[in-house]
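Work through the exercises below with the sequence and the model open. Each task is followed by its solution in steps.

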Amino acid sequence: MTMMGRMVVARAILVLVTLIFLGYMVTWILLPMKQWLSLWLPTLLMKTTTNAFGTQGTFMLIYTAPILLIALLGCLYLHLTRNSRKVNHPDKITKGINGPMAILRRPMLVRGPLGVISAMELIFIFFFIALVLWIFVYANILVPVVGNMNARQNSRHADDKMWQQKLRSTAFYFSIAGNFCCAFLFFPVTRGSSILPLLGLTSEGSVKYHTWLGHLAMFFFTMHSLLFVVYWAIVKDLKEMLIWDHNSNSNVPGEIGMVLGLVIWVTVHPRIRRKMFELFYYAHQLYIPFMFFYMLHTGFYFIFMIFPGFYLFLIDRYLRFLQSRQKVRLVSARILPCETVELNFSKSLALEYTTTSVVNIKVPSISSMQWHPFSVNSNSNLEPDRISVIIKRNGNWTRKLYDKLASSASLDRLEVSMEGPYGPASVDFLRYETLVMVVGGSGISPMISIIREMMFRKANNNNTNISGVSTTPRLVLICAFKHSADLALLDLILPVNGKSLDIISQVDLQIEAFVTREDQAGGPAAAAAAAGENNVKTIWFKHDPSDEAFSATLGSHGWLWLGAIILSSFAMFVITAGLLGHYYIYPRDKNTGKIYSWTYRASFNALFACVSVLTAATLAVLFTKRRHARQAGRVQSIEFGSPTISSDCFHDAAGRELESLPDRSILENTKVHYGARPNLEKMLLEFQGSTSTGVLVCGPATMRREVARICASGVHNIQYESISYSS
């Protein structure tokens, strides 16, 4: 298929996905309406109920099938556009700078508990709250319907007063609101999702949505539990809390799930997450028993409302587990005097990623459980056989890693596991004529990947359009460091092999570096930096036969394989669950006249779902590995020697390679300001005028909010593009 044909099909897929999603949202809007529950849903149940699935097949059709279909179409869309998404078309540099989508991405709220909120995010928040309120407004109409949902309680409390019925109804609809939050809870943390790229989102940038939804869900579930306890106390029926009903909603599993949820909720507090990360991490793993007991509480009928998001997360989580079993070959480490290290890993030539991508790293010798995300500062085009990250000695884990590398002169190997890389589906940096990158400290890492992309385009003469106009934007890097030793981070702009020394001079790069806590004559550190006496130590690690080149779990056609896993695993689940219902559950219900245990049926369905995912994903990964084994072996066999020695590199008496810092070619483009913070408002407003300017920021919250405030002040040609990974 030609590129034009691919794009036509891709646009048709986007239209179809939009229509399916709108239809899916309509089902939630109809949910509390009297006509839906008393007329339309019963009619639909009559037409779709089968011996194999019973009424749960209807809920699967309404709430699960549309989302999984969107995920499948998303995989196809991303596969069709995988080449065109690497960079935008060079002849459309300024398209969309002041268009409607650009306006929707502008910051609207800068200060507040939610952080920087764009206009589009504000619109989604408004509609989400409106839908939740819609559910509660109709709760007063549906008291009889709610009462019939639990025949046992309905018979016991048929004589309840109207206000007692309304209390019980309100408690029930709090659970519906929590269910609605859970329906979207797992999408933001599904790192290999095919849905997030359709919305222009990344998993790291969407974590804040997961946090918001988690807080809302736990609030609604807590209110649901408290109001039911109050209701049972009022009607003097507290023994309901001790009932595990196998034929209806079971209270005991719900109470167990509530306790597990509260443990998760408490440990997400920022202070606990920062100072006791392992407690936060282990507590968060309770989501598995939480979901299991939640399913036993509601049965597999209502669980289908949140099933698709959790199902896609389950697939992604297992694929990440398989990838994490790989021991990735660590080629070298550059240790900087500012207590920062750059790790360079071998990667498969088939592994491609966009700039500003993220990888998760685990070092078993430091912690066997902890995974930490880091921005990728390498470039897939410029360095096809390597991938690198920058890690600053900042927390307990990073401190141990830095000390291990800096103090071990005889260290010849370090075992590392990796997941990813996860990045945006496309990059729009080339649509700007000027790209301003504002960073603080180690926030420079994703910006380096962008600079290296421009270096690659310059090296391959891929920097002009058909009219001869340069499509490589002018780059302005504004970086704030605490100490002069942090200027060593600028040397990481060049790859470790040093072969791009002649290219960096061709890139239109201006660096404004601010050292905030030292003046120009501020002690030995500043003097050493000015004299070029700071050194970078590069450690080259030996090759171990057990190490492999870092590669994608599903190979170069990962999106097609992911779609195949989603389709085949869900088909396996439907077939196995249908056979169980048709040949085992339905005959028992028919012969005994009783409803088959909700607990057992839900447990069987959960088992079938897990087995289906494990089977389909394992087969796909094994087939992919076998297919690419020869290529991976060739990359693994490459021996990485020391880089070419340039005039800026020398050896000390012990034979250890050192590099002067910062590099002379970088210094030519750098202006260092001591004892001052950057006046961001003055510097950014200098770009007013006809030039289209994109402003990327990665740094502390105060820096992000300040840049967002400036960009939201009405300057039309400046577009805010935060790539920070927290709100």
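**Exercise 1.** State how many disulfides the structure holds.

Solution. Apply the cut-off: a disulfide is a pair of cysteine sulfur atoms within 2.5 Å. The structure holds zero such pairs. Next, classify two cysteines by relative accessible area (buried is under 20%, exposed over 50%, partly exposed in between; 1.4 Å probe, protein chains only). Cys75 is buried at 2%, and Cys610 is partly exposed at 36%.

The model is predicted: local features need pLDDT of at least 70, side-chain atom pairs count only at pLDDT 80 or more, and totals for chains, interfaces and linings use all residues. Residues are numbered from 1 along each chain as its sequence is written, and side-chain values use heavy atoms, with hydrogens and water left out.

**Exercise 2.** Locate the salt bridge between Lys392 and Asp486, and say which parts of the chain it ties together.

Solution. A salt bridge needs a side-chain nitrogen of Lys or Arg within 4 Å of a carboxyl oxygen of Asp or Glu. For Lys392 and Asp486 the N to O distance is 3.4 Å. Lys392 lies in strand β7 (residues 386-392) and Asp486 in the loop between β10 (474-481) and α17 (501-504), so the pair ties together parts 94 residues apart in sequence. Strands are DSSP runs of E, at least two residues, and helices runs of H or I, at least four, numbered from the N terminus. Lys392 is partly exposed at 24%; Asp486 is buried at 9%.

**Exercise 3.** Place the salt bridge of Glu706 and Arg709.

Solution. Their N to O distance is 2.7 Å. Both residues lie in helix α24 (residues 701-711), three residues apart, about one turn of the helix.
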